[in-house]
Amino acid sequence: MGFPQGFLWGGAIAANQTEGACLEDGKGLSCADVAHGGKGRFAELTNAARMREIIANPQGFFPSHEAIDFYHHYKEDIALFAQMGFKVFRTSIAWARIFPNGDDAEANEAGLRFYDNVFDECRKYGIEPLVTLSHYESPLTLTKKYNGWESRELIPLFERYVRVVLQRYKDKVRYWLTFNEINATLFAPFLGAGAIIDDPKRNKQAVYQCAHNQLVASALTVKACREIAPDAKIGNMIAAMLVYPYTCRPEDVWLAAEMERKTYFFSDVQLRGYYPAYMKCFFKKHGINLKIGTDDERILREGTVDFLSFSYYMSTTVSSSPEQAQTAGNLFGGVKNPYLKSSEWGWQIDPLGLRILLNFLYDRYQKPLFIVENGLGAKDTPTPDGSINDDYRIDYLREHIKAMKSAVEEDGVELWGYTTWGCIDLISASTGEMSKRYGFIYVDKDDEGNGSLTRTVKKSFGWYRDIIASNGEKL
Ligand code: BGP
């Protein structure tokens, strides 16, 4: 009973939200490096005209440029993760640290050495690195030259990058993920795919072309991994959407099913190896004519992943009636669910939803699952003595771990691990804020970039250490 022995407990971050050292040691700019801080960030990132302006004249505060300076603090930070007893640590490799422009003739040795150091440091403590190959950080040059993933040119460039890093780290990394939240490309094509697309909601041709090119690149990555590191495991990563109909009105139920397909078509392709029939109908209905290479179908068929990983923060509720009050969410919002509480950012908290989702995914694919993001973004206020009593975060995580435990113990779901998002405070992907904190470790820095970068453990730090030590029993 309980979690299996060897269950991979840990935490997750991404390069662009933590490393800083934006142009250090030869790194090039990535898409994330032209994303401003502030609540208007997501709207700006999805406004094509505005993004063209910013790229032509990058001015203002870009929080990724320093972030939490993990680049220079990684030893201290990994030592703290080790104190919590992490079995696994998820981070990403910034493509632009390895190939600063994405299409350079040679890989950047200094960038490669940095990740050698990070993975060696993890191994020193017996922590398995879990590495995302693309986490919202494609090289900006590729946006300027090709409009990012809208072009097939990126497929061989990505494959080359992936082959370099697989070769380099094959003895240090045993768990890999292809594209972070690959379904984000539909909602935020600049962040997800480095593509500037006018009116992405209408321009379905362009966003689905980006998605297709990434799916092919993901499958090629799986094939490269099997060839170069045959003992490693490689998974996909989706922002999992659990979509409830607001009422039992069939129109609401159907709308929820249609919304879910926007996510699960990605995992259908990545786990089954072909486009589901409903997507082919969707393409036809909307006049979408994808440029598909002659080998693409074979590549997709041969490049199915070993396991499915996903982020889960909240459930979403949809209504076919336009009068329902709206709420915010990860990638897309929905209507307010009257049975759920919300985070300070309007994300609706739903631990039982995690159990429902784990069952849904396991039934659908019958493949091992890995929760690689889950957590509560909240404002933390240090008390006068400097301690941070984040009971709200503990409550959120406890309830989600309980739900996860029920799915494993009572429903028989095969779950490999759990990495909480932002195990150390980092900059938010959707808002660029530091004040939307997820960590067990507080980083002294504010939304304007001021602060000493000092690390302080929060109350949740000791709580999570006990969870890991008891393999999820001491809840
Ligand atoms: C996911 C991303 C992460 C992360 C997280 C929390 O969508 O994969 O990069 O940031 O959401 O979102 P936010 O930072 O907007 O609170």
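Start the tour with the cysteines: colour their sulfur atoms in this predicted model, and you will find that the disulfide count comes to zero. Select Cys 122, which is in no disulfide; the nearest cysteine sulfur belongs to Cys 423 and is 10 Å away. For a pair to count, the two sulfurs would have to be within 2.5 Å. Switch on a surface and look for Cys 122 again: with 0% relative accessibility, this residue counts as buried.

Now jump to Cys 225. Its closest cysteine sulfur is the one in Cys 122, 18 Å away, and that is too far for a bond. Cys 225 is buried as well, with a relative accessible area of 1%. Both cysteines will come up again at helix contacts, so keep them labelled.

**Stop 1: Cys 122 and the H4–H6 pair**

Select helix H4 (70–84) together with helix H6 (residues 109–124). What should you look for in a pair like this? Two packed helices are described by the angle between their axes and the distance between the axes. Here the axes come within 9 Å and cross at roughly 10°, which makes H4 roughly parallel to H6. Show side chains for Phe 70, Tyr 71, Tyr 74, Lys 75 and Ile 78 on the H4 side; across from them H6 offers Ala 110, Phe 114, Asn 117, Val 118, Glu 121 and Cys 122. Colour the contact by residue type and you get eight nonpolar residues, one polar and two charged.

**Stop 2: Cys 225 and the H8–H11 pair**

Next, select helix H8 (residues 154–169) and helix H11 (residues 204–228), whose axes come within 9 Å and cross at roughly 30°. Are H8 and H11 roughly parallel or oblique to each other? Angles under 35 degrees count as roughly parallel, and H8 and H11 are therefore roughly parallel to each other. Their crossing is right-handed.

On H8, show Ile 155, Phe 158, Glu 159, Val 162, Arg 163, Leu 166 and Gln 167. They meet a set of H11 residues that includes Asn 213, Val 216, Leu 220, Ala 224 and Cys 225. In this contact, 10 residues are nonpolar, three are polar and three are charged. As you follow the side chains along either helix, remember that an α-helix has 3.6 residues a turn, so residues three or four places apart point the same way.

Stay on H11 and pick Ser 218. Ser 218 is buried, at 1% relative accessible area. Leaving aside neighbours within four places in sequence, the contacts of Ser 218 are Thr 178, Phe 179 and Gln 270.

**Stop 3: loops on either side**

Step back to the loop between helix H10 (189–193) and H11, and select Asp 199. Is Asp 199 buried or partly exposed? Its relative accessibility is 42%, so Asp 199 counts as partly exposed. Now measure from its C-alpha to that of Thr 46: the two residues are 153 apart along the chain, yet these atoms are separated by 8.3 Å.

Then visit Asn 147, in the loop between helix H7 (140–146) and H8. Its phi is near 55°, a positive value in a residue other than glycine. Asn 147 counts as buried, at 19% relative accessibility. Ala 21 also has a positive phi, near 45°. You will find Ala 21 in the loop between helix H1 (15–18) and helix H2 (41–45), where its 8% relative accessibility makes it count as buried.

**Stop 4: the H12–H15 pair**

Select helix H12 (residues 250–272) and helix H15 (residues 351–365); their axes come within 11 Å and cross at roughly 45°. That makes H12 oblique to H15, and the crossing is right-handed. Glu 260, Tyr 264, Ser 267, Asp 268, Leu 271 and Arg 272 of H12 meet Leu 357, Phe 360, Leu 361, Arg 364 and Tyr 365 of H15. By type, six of the contact residues are nonpolar, one is polar and four are charged.

**Stop 5: helix H17**

Finish at helix H17 (residues 459–469), where Ser 460, Phe 461, Gly 462, Trp 463, Tyr 464, Ile 467 and Ile 468 are buried. Among the elements covering them are strand S1 (8–12), helix H4, helix H16 (391–409) and strand S14 (415–421). Just after H17, select Asn 471, which takes a positive phi of about 50°.

Methods. Residues are numbered from 1 along each chain as its sequence is written. This is a predicted model: local features need pLDDT of at least 70, side-chain atom pairs count only at pLDDT 80 or more; totals for chains, interfaces and linings use all residues. Side-chain values use heavy atoms; hydrogens and water are left out. Axes are lines fitted to C-alpha atoms, for helices over the stretch in contact, and angles run from 0 to 180 degrees between N-to-C directions. Helices (H or I, at least four residues) and strands (E, at least two) are DSSP runs, numbered from the N terminus. Angles under 35 degrees count as roughly parallel, over 145 as roughly antiparallel, 65 to 115 as roughly perpendicular and the rest as oblique. A crossing is left-handed if the near helix is turned anticlockwise from the far one by less than a right angle, and right-handed if clockwise. Contact means heavy atoms within 4.5 Å. Ala, Val, Leu, Ile, Met, Phe, Trp, Tyr, Cys and Pro count as nonpolar, Asp, Glu, Lys and Arg as charged, and the others, Gly among them, as polar. Buried means under 20% relative accessible area, exposed over 50%, partly exposed in between (1.4 Å probe, protein chains only).
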